[in-house]
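Open the model in your viewer and set it to cartoon view. The tour moves from one selection to the next.

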Amino acid sequence: FDFSGPHSEFDKALRLFLGHFRLPGEAQCIDRLMEAFAVRLFSFLGVGKPFESSDAAFILSFSTIMLNTDLHNPQIPVSKKMTKEQFVRNNRGINDGKDLPLEYLEGLYD
């Protein structure tokens, strides 16, 4: 996957990657796919843009998939859906012990 140019932002790169297949139901398979995504994306972005390591991109990938599932699953009542504040709190310290910029996480949520 080429994550340069218009696909160099995390959310656009994740959409590009996930747009080519349907995620399998097995957690171990999802884990391997998202690890490959994170390593590849990090190799394009480099350190500090905004991730300190591919591990941070990996964790945020899972978190974003969970957010998407939560917000778009009609079986989850509106009162139980993840709020922006919860999403930000869930992602504290994932960037090698540091927080990703608040504006960055809020932008992903929106």
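Select α1 (10-18) and α2 (27-45). In this predicted model, their axes cross at roughly 135° and come within 11 Å. An angle over 145 degrees would count as roughly antiparallel; α1 and α2 are therefore oblique to each other. The crossing of α1 past α2 is right-handed.

Now show side chains at this contact. From α1, pick Phe10, Ala13, Leu14, Phe17 and Leu18. From α2, pick Leu33, Met34, Phe37 and Leu41. Which classes do the residues of this contact fall into? Nine are nonpolar, with no polar and no charged residues.

Next, follow the chain into the loop between α2 and α3, and stop at Pro50. The peptide bond that joins Lys49 and Pro50 is cis. Its omega is about -5°. Most peptide bonds are trans.

Move on to helix α3, residues 54-72, and add helix α5, residues 102-109. These two pack at an angle of about 40°, and their axes are 11 Å apart. Angles under 35 degrees count as roughly parallel; α3 and α5 are therefore oblique to each other. α3 passes α5 in a right-handed crossing.

Which residues of α3 meet α5? Select Leu60, Thr64, Leu67 and Leu71 in α3. Their partners in α5 are Tyr104, Leu105, Leu108 and Tyr109. By class, this contact of α3 with α5 has seven nonpolar residues, one polar and no charged.

Keep α3 and α5 on screen, bring back α1, and turn on a surface. These three elements each give two or more residues to the lining of the largest pocket. The pocket has a volume of about 390 Å³. It is lined by 16 residues. To find its centre, select Leu14, Arg15, Thr64, Ile65 and Asn68, the closest lining residues to that point. Leu14 was also picked in the contact of α1 with α2, and Thr64 in the contact of α3 with α5.

Which element gives the most to this lining? α3 does, with seven residues. Colour the lining by class: eight residues are nonpolar, five polar and three charged.

One last stop. Go to the loop between α4 (84-90) and α5, and select Asp96. What is the phi of Asp96? The value is near 55°, positive in a residue other than glycine. Most residues other than glycine have a negative phi.

Note on methods. Residues numbered from 1 in each chain as written. Predicted model: local features only at pLDDT ≥ 70, side-chain atom pairs only at ≥ 80, totals over all residues. Heavy atoms only, no water. Axes fitted to C-alpha atoms, helices over the stretch in contact; angles between N-to-C directions. Helix = DSSP H or I, 4+ residues; strand = E, 2+ residues; numbered from the N terminus. Parallel < 35°, antiparallel > 145°, perpendicular 65-115°, else oblique. Left-handed = near helix turned anticlockwise from the far one by under 90°. Contact = heavy atoms within 4.5 Å. Nonpolar A, V, L, I, M, F, W, Y, C, P; charged D, E, K, R; others polar. 1 Å grid on protein atoms, 1.4 Å probe; cavity = no way out; pocket = protein on both sides within 12 Å on 5 of 7 lines; lining within 4 Å. Points joined across faces, edges and corners; volume = space filled by probe spheres on them.
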